[in-house]
Amino acid sequence: MKKVFSIILIILMVVSLAGCSKEASSQKTEEESSMENKAELEAEAQKDAETKGDNQTDSSKTEIKTDKSDTSGNDTASKPADDGRIEVATYAGGNGFKLLIEEDKSKEVVKGIPVNYLSMKYTNGQKKLLAQSVDRGEDWTNSIATLHYPTLSIDGTKVYYSTDNTFTRSSGYGVNNYRTRVVDLKTFGDSYFEEGALVTILNSGPYANHVVLELNSLDSAGNPTMVYQVVTPSRDQLVVLENAGNWQSQIEAKLNGGNNSRQNQPQQNTPSSNQAPTKTSVELIITEIPFNGVKKSSLVESIHGYSVEYNRYYSVIIPNHPPKGGYPFKYGIEFANPAYPNTDTEYYFSVMGTIHDVRLQTQADMNSSYKLYKVADTIEDAVVVVKSSFPTDASFDKILYRDFDGKNYAVPFTSMGEEDKVYGIKLPY
């Protein structure tokens, strides 16, 4: 019995030790698991930290890239900007460039008219501004609205372009005329050229570099029509044509036909058959007058009570009008009346513009025969001095001349003097 009790006690002790061992083992496992979990969490935290660090590094790199991109944008902004400009059209240019017209609808030269720009656009993308819209108030000749038809001159030294009739103070059918301007590619100066819309620049023959401009006019019945003035590079009108195209043949026909028609037309104040004039030529003394810097195209002068706006006239003749430094005369011309051995009387007249077939008609008295002398085929922008004589009160001289259509005009000079007058030939538009 005692032996059995001892065995049972031993068994209980073994079971108890096993249970303690199992509990201790279980507790150890939990601690180890806790430590392992802690290690895993720390590893994950480290991994997160590393990931976060990587993300911060990437973000830093991204910021650097963004800064670099912004810097590049700032570089672009520092260059001349064309913000708001829209390309309207390109035109043929010269070697290495085209002519470009742009507009900026965010800016207006006048209400409803966007600012226009004319530039030379080079093959590398760069641009050189030649002209742009501008409102110069009362100076309508040099005010520019919409730009049209830029054209390079045949010699490549100038760019012509037209601007519309937004700015004008004229009235009548001429109010619709465009104006043509010219840019000198050596100085890049932009100046008024002539009235009319640019049609073409003649590229060959004797009239190469002449400019053809379209103008509003009236036909013989008084109906609106278009005519075409041909203008030399120096801004002198050559002819006015009624039709477009075949320019050289039209010009030659106009010039030759005009001469023939002039020969067939009766002259004003011509003598009767028994007063046939002796036709000889006067001897001219011509001197050049230095350019005074005044542009006649925009010049307006008050002379003898008349307001003379020169760009509206083909020519203006003013007797006994000494130049006062306003008009840009080109020549001084002097001649003596061959009818008199003693030329003790001097008179003069100014020619602003151009007159043709200029003659001197002399009559010593009302009963004497006429004497007619050729002076010049053309006189342009000149002050003319005539040395003559008026032996009787009834004697007189007349300067006869014609306009571009062959029409006759006469300006009289006498010893008694005349009321101050201005003789103007308006342009046919």
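In the predicted model, Ile-317 stands opposite Tyr-423 of strand S23. The pairing to which these two residues belong joins S17 to strand S23 (residues 423–426) through 4 bridges, and the two strands run antiparallel. S17 also pairs with S19, again in the antiparallel sense, over 5 bridges. Within that second pairing, Ile-318 stands opposite Ser-350 of S19. Of the 7 residues of S17, 6 are buried, so the strand is largely enclosed by the rest of the structure.

S17 also takes part in the lining of the second largest pocket, to which this strand gives the most, with 4 residues. The pocket holds about 650 Å³ of space. Two or more lining residues come from each of strand S8 (190–195), strand S17 (313–319) and strand S19 (345–363). The lining comprises 32 residues in total, and those nearest the centre of the pocket are Ser-234, Arg-235, Asp-236, Lys-296 and Asp-381. Sorted by class, the lining contains 17 nonpolar, 8 polar and 7 charged residues.

Asp-381, one of the residues nearest the pocket centre, is located in strand S20. With a relative accessible area of 1%, Asp-381 is buried, because burial is assigned under 20%. The backbone of Asp-381 has a positive phi of about 45 degrees, although the residue is not a glycine. Most residues other than glycine have a negative phi. Strand S20 spans residues 371–388 and also contains Val-383. Val-383 is likewise buried, at a relative accessible area of 13%. The C-alpha atom of Val-383 is separated by 8.4 Å from that of Glu-334, a residue 49 positions away along the chain.

A positive phi is also found in Tyr-149, at about 50 degrees, and this residue is not a glycine either. Tyr-149 is placed in strand S5. The relative accessible area of Tyr-149 is 36%, which makes the residue partly exposed. His-148 is in S5 as well, a strand that covers residues 147–152. His-148 counts as buried because its relative accessibility of 19% falls under the 20% cut-off. Leaving aside residues up to four places away in sequence, His-148 touches Ile-101, Tyr-161, Ser-162, Asp-164 and Tyr-178. Among these contacts, Ser-162 is also the bridge partner of His-148 in S6.

The bridge between His-148 and Ser-162 belongs to the pairing of S5 with strand S6 (residues 158–163), which is antiparallel and extends over 4 bridges. These strands are part of an open sheet of 4 strands, arranged in the order S5-S6-S7-S8 with antiparallel pairing. S5 and S8 form the edges of this sheet, each pairing on one side only. From one strand to the next, the twist averages 25 degrees. One edge strand, S8, is also among the elements that give two or more residues to the lining of the second largest pocket.

A further open sheet, likewise of 4 strands, follows the order S1-S2-S3-S4 and is paired in the antiparallel sense. Its edges are strand S1 (85–91) and strand S4 (127–132), each of which pairs on one side only. Neighbouring strands of this sheet are turned against each other by 30 degrees on average, direction ignored. Strand S2 (residues 97–110) is joined to strand S3 (residues 113–122) by 10 bridges, with the two strands running antiparallel. Glu-108 has Pro-114 of S3 as its bridge partner.

Across the protein, the secondary structure amounts to 2 helices and 23 strands. Of the 429 residues in the protein, 37% are buried. When contacts between residues at least 6 apart in sequence are considered, 56% join residues at least 24 apart.

How values were computed: Residues are numbered from 1 along each chain as its sequence is written. This is a predicted model: local features need pLDDT of at least 70, side-chain atom pairs count only at pLDDT 80 or more; totals for chains, interfaces and linings use all residues. Side-chain values use heavy atoms; hydrogens and water are left out. Buried means under 20% relative accessible area, exposed over 50%, partly exposed in between (1.4 Å probe, protein chains only). Contact means heavy atoms within 4.5 Å. On a 1 Å grid over the protein atoms alone, a cavity is a set of points where a 1.4 Å probe fits but cannot get out, and a pocket is an open set with protein on both sides within 12 Å along at least five of seven lines; lining residues have an atom within 4 Å of a point. Grid points are joined across faces, edges and corners, and a volume is the space filled by probe spheres set on the points. Ala, Val, Leu, Ile, Met, Phe, Trp, Tyr, Cys and Pro count as nonpolar, Asp, Glu, Lys and Arg as charged, and the others, Gly among them, as polar. Two strands pair if DSSP finds at least two bridges between them. Axes are lines fitted to C-alpha atoms, for helices over the stretch in contact, and angles run from 0 to 180 degrees between N-to-C directions.
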